[in-house]
Amino acid sequence: MAFRKDFLWGGATAANQCEGGYNEGGRGLANVDVVPIGKDRFPIISGQMKMFDFDDEHFYPAKEAIDMYHRYKEDIALFGEMGFKTYRLSIAWTRIFPNGDETEPNEEGLKFYEDLFKECHKYGIEPLVTITHFDCPMHLIKKYGAWRSRELVGFYENLCHVIFNRYKGLVKYWLTFNEINMILHAPFMGAGLYFEEGDNKEQVKFQAAHHELVASAIATKIAHEVDPENKVGCMLAAGSNYPYTPKPDDVWAGKEKDRENYFFIDVQSRGEYPAYALKEMERNGIEIKMEDGDKELLKAHTVDFISFSYYSSRVATTDPELLEQTAGNIFASVKNPYLEASEWGWQIDPLGLRITMNDLYDRYQKPLFIVENGLGAVDTPDENGYVVDDYRIEYLAAHLQAMKDAVELDGVDLLGYTTWGCIDLVSAGTGEMKKRYGFIYVDRDNDGNGTLKRTKKKSFDWYKKVIASNGEDLTN
Ligand code: P53
């Protein structure tokens with residue numbers, strides 16, 4: 001048997017990509033609400049173009065998303081039918097603290113998630129909760145400049161106090177920041193950061209990252225104090241870097257690229273800034289302002305497990321001619337000539353998952369949790385809404401086989417696996433509905449048309465069988 005008996009099979013979503021109900025239940029506005037679909041999306045998410053509110057020219061897919069705010073019971077019932085042991089979701093910060101800096105939380109928001117968690121437990125589903133999945137209250141962005149300000153640490157701490165106490169006994173698995181390394185690639189979407197004239201962008205990003213890292217350690221501390229049963233994880237947008245050639249310069253480039261990502265997890269898991277990062281910051285004139293006690297906090301409250309998303313491996317080179325980017329991905333990467341790509345240009349590499357798992361396990365020696373993996377593809381439903389998504393089954397089966405190899409042959413300790421977008425939802429990178437990951441089809445298009453009706457795809461029954469066999473039966 002490859003997987004532990006209590007292996008946490010499931011699926012993952014994020015509040016702003018599925019809930020909708022953006023102005024209901026007292027909810028405040030967040031960065032993730034005001035990122036439109038279309039050509040301005042990338043300049044906005046990367047902090048080059050300012051968008052602080054809705055305008056009439058753009059369409060904002062997160063406003064209604066797939067309306068899970070009103071339909072979560074139906075959706076969780078379907079997850080239960082597939083046999084999910086866990087459901088990864090995120091809390092919308094602005095449902096709990098609409099502005100972010102209030103002293104008292106919004107009861108309606110708290111109640112919404114309490115009901116949702118109880119609904120999960122009805123089906124024996126353990127919630128896995130991301131405290132922030134890219135979202136930052138708009139008010140905190142306008143008033144404090146988001147995570148560039150130290151004050152955000154205190155507001156995040158308040159949020160943690162409230163949710164850990166309120167959901168004690170209902171939630172045991174927590175992730176502090178989704179894809180914490182995304183702050184480097186999509187600073188507005190990832191952390192509410194935008195830049196002013198004359199800003200040293202790297203300085204701003206790394207100072208903001210320090211605030212998130214401290215906030216993450218404080219969250220871990222409080223989680224353990226409130227309930228020793230709580231398990232807290234960091235979350236990395238992972239995918240190991242391959243050197244383009246055996247040329248030592250390319251190998252070195254790969255190592256540097258990996259370290260760009262590992263930096264965050266090194267702090268969260270080993271509890272201190274790694275020497276290579278300190279040296280590099282020194283060379284680049286980046287100075288992290290720390291407060292007394294920060295270093296001790298980071299050291300004392302490291303994470304219990306390492307979670308990550310994996311969609312693809314990456315390639316590094318020093319050859320400028322090859323620095324062509326793979327299309328449709330926030331992470332610029334060099335094309336790997338040995339791999340096929342998805343319709344969005346994301347290169348498909350199941351063995352890369354095994355490599356990535358081994359790299360992370362070798363480095364941290366803590367249990368891993370794969371909290372995102374999947375294929376974004378165009379689905380064509382028949383007249384009954386049924387989708388024959390053999391391509392998705394094929395992608396997932398190959399990745400599950402690689403994951404099994406990492407556990408069975410390499411001895412990696414793995415807590416669970418949640419596929420990304422187990423129900424179709426809005427794409428974070430592009431804002432499209434058309435880029436679907438789900439086992440459950442949602443009738444909605446890029447422009448917001450559709451009945452929002454849910455239908456099972458072929459992969460629904462396949463994944464059900466995978467879970468029932470605890471990963472033994474991967475056949476289509
Ligand atoms: P979409 C880029 C690269 C790796 C992970 O992405 C990424 C992104 C953002 O596009 O984000 C994670 O929706 C993220 C999810 C996101 C998912 O990957 O662009 O945690 O919110 O939806 C897939 O296809």
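Is phenylalanine 84 buried or exposed in this predicted model? Phenylalanine 84 is buried, with a relative accessible area of 1%, and the views below begin around the helix that comes before its loop.

**View 1. Helix H3 is kinked at glutamate 74.** Helix H3 spans residues 68-82, and although it has 15 residues, its end C-alpha atoms are only 18 Å apart, short of the 21 Å that a straight helix would reach. The kink, of about 35°, is centred on glutamate 74, and the buried residues of H3 include Tyr72, Asp75, Ile76 and Phe79. After the helix comes glycine 83, which has a positive phi, near 90°.

**View 2. Phenylalanine 84 and tyrosine 463 form an edge-to-face pair, one of 34 aromatic pairs in the whole structure.** Their rings are 5.9 Å apart, centre to centre, with 85° between the planes. Because phenylalanine 84 lies in the loop between H3 and strand E2 while tyrosine 463 belongs to helix H15, the pair ties together parts that are 379 residues apart in sequence. Tyrosine 463 is also buried, at 0% relative accessibility, and ring pairs link both residues into a cluster with others, among them Phe3, Trp9, Phe79 and Trp462.

**View 3. Phenylalanine 264 is buried in helix H10.** Its relative accessible area is 0%, and, leaving aside neighbours within four places in sequence, phenylalanine 264 is in contact with Ile180, Asn181, Ile183, Leu184, Ala209 and Leu213.

**View 4. Two charged side chains sit over aromatic rings.** Arginine 148 lies over the face of tyrosine 194, 5.9 Å from the ring centre, whereas the charged end of lysine 435 is placed over the ring of tryptophan 346, at 3.7 Å from its centre.

Key
Residues numbered from 1 in each chain as written. Predicted model: local features only at pLDDT ≥ 70, side-chain atom pairs only at ≥ 80, totals over all residues. Heavy atoms only, no water. Helix = DSSP H or I, 4+ residues; strand = E, 2+ residues; numbered from the N terminus. Expected span 1.5 Å × (residues − 1). Bend = angle between axes of the 7 residues up to and from the residue. Buried < 20%, exposed > 50% of the residue type's maximum accessible area, 1.4 Å probe, protein only. Contact = heavy atoms within 4.5 Å. Phe/Tyr/Trp six-rings, centres within 6.5 Å; stacked < 30°, edge-to-face > 60°. Lys NZ or Arg CZ within 6 Å of the ring centre and 35° of its normal.
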